[in-house]
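Reader: Before we begin, could you take me through this chain step by step, giving the reasoning behind each reply?

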Amino acid sequence: MNIHTAAGTAAVSAPPAVDTTAAAPPPLGCKTAELSMAFPVEAVARVIGSGGSSIRRIRQESGARVEAGARPPAGQREQGLSFIGTEEQVVTAVCMAVEATGADIAAVEAAAERARATMRARIAPLPEAAVAPPAVAAP
């Protein structure tokens, strides 16, 4: 399996799967990162797991939001996965997703390094509204 990012392609020996349950947002004051990667369709099924169990575990343990793109039409062999959170949350979620595909440790480490390199180029601060305390109305 190959993982494609803006930074390049990494060979991975197994496929992933997806779930769309929301994870907690990054802590206030932290920068948020988003990384999208293409996985073989059958790999996405492994990342999601039976009844969504694997994707829920990835979300809970990493703290990242993990979303799968729409199932591609027949004949298309790749499906996108998006990882959103702090840099560390995203890297952890990517590693867990690649590991869920059955990839060996070298492939997991390579995916983590590519994820870090790609995100360093595009980490954006949270919008001002996300960090500003809510206004309190006077009684």
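The exchange below goes from the overall fold to single residues.

Reader: In what order do strands and helices follow one another along the chain?

Author: The model is a predicted one, and its chain holds five helices and five strands. Read along the sequence, these elements give the pattern β-β-β-α-α-β-β-α-α-α.

Reader: What share of the contacts with a separation of 6 or more comes from residues 24 or more positions apart?

Author: The chain has 139 residues, of which 42% count as buried, and about 7300 Å² of its surface is exposed, with carbon and sulfur atoms supplying 55% of that area. Among contacts with a separation of 6 or more, the part that joins residues 24 or more positions apart is 77%.

Reader: Which strands pair with β5, and in what sense?

Author: Strand β5, residues 78-85, is mostly covered, since six of its eight residues are buried. Strand β3, residues 33-40, pairs with β5 over eight bridges, while β4, residues 65-68, pairs with β5 over four bridges. The partners of β5 are therefore β3 and β4, and the sense is in each case antiparallel.

Reader: Which residues of β5 stand opposite alanine 33, serine 36 and alanine 68?

Author: Alanine 33 stands opposite glycine 85 of β5, and serine 36 has serine 82 of β5 across from it. For alanine 68, the residue of β5 that stands opposite is leucine 81.

Reader: Is β3 largely enclosed or largely open to the surroundings?

Author: A residue counts as buried when its relative accessible area is under 20%. Six of the eight residues of β3 are buried, so the rest of the structure leaves this strand largely enclosed.

Reader: How are α1 and α2 oriented to each other, roughly parallel or roughly perpendicular?

Author: Helix α1, residues 41-48, packs against helix α2, residues 53-62, with the axes 5 Å apart and at an angle of about 65°. Angles of 65 to 115 degrees fall in one class, which means that α1 and α2 are roughly perpendicular.

Reader: Which residues meet where α1 touches α2, and how many of them are nonpolar, polar and charged?

Author: On the α1 side the contact involves Arg46, Val47 and Ile48, and these meet Ser53, Ser54, Ile55 and Ile58 of α2. Sorted by class, the residues of this contact are four nonpolar, two polar and one charged.

Reader: Is glycine 49 buried or partly exposed?

Author: Glycine 49 lies in the loop between α1 and α2, and its C-alpha atom is separated by 9.8 Å from that of threonine 101, which is 52 residues away along the chain. Its relative accessibility is 23%, and glycine 49 therefore counts as partly exposed.

Reader: What does cysteine 95 contact, leaving aside its neighbours within four places in sequence?

Author: Cysteine 95 lies in helix α3, residues 87-100, and because its relative accessibility is 17%, it counts as buried. The C-alpha atoms of cysteine 95 and glutamate 113, which are 18 residues apart along the chain, are separated by 9.7 Å. With the neighbours within four places set aside, the residues in contact with cysteine 95 are Val108 and Ala112.

Notes. Residues are numbered from 1 along each chain as its sequence is written. This is a predicted model: local features need pLDDT of at least 70, side-chain atom pairs count only at pLDDT 80 or more; totals for chains, interfaces and linings use all residues. Side-chain values use heavy atoms; hydrogens and water are left out. Axes are lines fitted to C-alpha atoms, for helices over the stretch in contact, and angles run from 0 to 180 degrees between N-to-C directions. Helices (H or I, at least four residues) and strands (E, at least two) are DSSP runs, numbered from the N terminus. Angles under 35 degrees count as roughly parallel, over 145 as roughly antiparallel, 65 to 115 as roughly perpendicular and the rest as oblique. Contact means heavy atoms within 4.5 Å. Ala, Val, Leu, Ile, Met, Phe, Trp, Tyr, Cys and Pro count as nonpolar, Asp, Glu, Lys and Arg as charged, and the others, Gly among them, as polar. Buried means under 20% relative accessible area, exposed over 50%, partly exposed in between (1.4 Å probe, protein chains only). Accessible areas come from the Shrake-Rupley method with a 1.4 Å probe; for residues, only the protein chains shown count as cover. Two strands pair if DSSP finds at least two bridges between them.
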